[in-house]
Amino acid sequence: MSERGEQELAELRKHIHKMARKAEDSGDPLAWFENLYRISEGDDTMIPWSDGHPHPFLVEWNEQKASRGRALVVGCGLGEDAAYLARTGWEVTAFDLSSTAVEWASKIHQEPNIEWKAEDLLNLPEGWKGAWDLVLEVHILQAIPPEIRQVAATRLAPLVAPNGNLVCIGRINLTGEELDGPPWPLERQFIEEIGSQLNQTEFLIQNRPNDEPEVNRYLAVWNSD
Ligand SMILES: C[S@@+](CC[C@H](N)C(=O)[O-])C[C@H]1O[C@@H](n2cnc3c(N)ncnc32)[C@H](O)[C@@H]1O
């Protein structure tokens, strides 16, 4: 993908903040995602969280994992993580609230073993419960406002199949202060709660090479065994 300069990226982020605030004021706080994908008209430089690559924390985790199975990618955006999992042997279902994102992702990544779906994490098909060997959430909970996030977080663990994994990746708030978003870096206690009905097997906090000094990231993994 082509890249935006730093100033352009800062402007885009400011614009996204405005879109998110407007959506909150209108009583439909998640509506700005579909709007952003739609007004981008296929220009991926308008989607600041999409850099054309799978998340490196996911790659590291997946490379150490021997078994494969059915993977559910939550809020897949433009589908880099879903495509990566499919290429490495997972049978993938990837969904997003935005139907434009899902259609766009399915055109970019034409791997055969991915099913793309427009679905809402808050209202998933009943048959998805306990059905996935891997449930992957990257940058979703931190992108949605706190009231909705609390509910959304409870929807992840019940999706995991026996002996399956829940993997969550995002920004962590280590400041002890409330930060402005989106994205809203998550408190450690909140993250721990996401998988509290499962067994936690990993909790990693790390920065990425080009991160600004105040950015901290986490990978959290649980097993349902
Ligand atoms: C910050 S983006 C991250 C996208 C992708 N996971 C990535 O890392 O590139 C957040 C994504 O979550 C999706 N999303 C937000 N609320 C959702 C919901 N309730 N159900 C499903 N997807 C949702 C948005 O449409 C958007 O694509």
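**Notebook: sheet, core and ligand shell**

I looked up I169 first and found that its bridge partner in β7 is L219. The model I am reading is a predicted one. The strands around this pair are β5 (residues 160–171) and β7 (residues 217–223), which I find joined in the antiparallel sense over 7 bridges.

**Sheet order**

I then traced the sheet as a whole. It is an open sheet of 7 strands, and I noted the order as β3-β2-β1-β4-β5-β7-β6, with mixed pairing. I marked β3 (114–118) and β6 (199–206) as the edge strands; each has a single partner strand, so one side of each is left without a neighbour in the sheet. For the twist, I recorded an average of 15° from one strand to the next.

**Strands β1, β4 and their partners**

I went on to β1 (residues 70–74), which pairs with β4 in the parallel sense over 4 bridges. Within that pairing I located V74, whose bridge partner in β4 is E137. On the β2 side, I counted 5 bridges joining β1 to β2, again with the strands running parallel. There I saw R70 standing opposite E91 of β2.

I checked burial for both strands. In β1, 4 of the 5 residues are buried, and I entered the strand as mostly covered. In β4 (residues 132–138), 6 of the 7 residues are buried, and I gave this strand the entry "mostly covered" as well.

I followed β4 to β5 and found a parallel pairing over 6 bridges. Here L136 stands opposite V167 in β5.

**Core around L136**

I next asked which residues touch the most other members of the largest nonpolar core. They are V73, V135 and L136, in a core of 58 residues. In soluble globular proteins, nonpolar side chains tend to be buried together. I listed the contacts of L136, leaving aside neighbours within four places in sequence: L58, A71, L72, V73, V74, D81 and V167. V167 is thus entered twice for L136, as a contact and as the residue opposite in β5.

**Helix α5**

I examined helix α5 (residues 99–108), which lies across β2 (91–96) and β3. I noted that α5 runs at about 160° to β3.

**Ligand shell**

Last, I turned to the ligand and asked which residues come nearest. Of the 20 residues around the ligand, these are F33, G75, G77, L97 and L121. I sorted the shell by character and obtained 13 nonpolar, 5 polar and 2 charged residues.

Key. Residues numbered from 1 in each chain as written. Predicted model: local features only at pLDDT ≥ 70, side-chain atom pairs only at ≥ 80, totals over all residues. Near = placed C-beta within 6 Å. Nonpolar A, V, L, I, M, F, W, Y, C, P; charged D, E, K, R; others polar. Core = buried A, V, L, I, M, F, W, Y, C linked by C-beta atoms within 7 Å. Buried ≥ 20, exposed ≤ 12 C-beta atoms within 10 Å, placed from the backbone. Contact = placed C-beta atoms within 7 Å. Pairing = 2+ DSSP bridges. Helix = DSSP H or I, 4+ residues; strand = E, 2+ residues; numbered from the N terminus. Axes fitted to C-alpha atoms, helices over the stretch in contact; angles between N-to-C directions.
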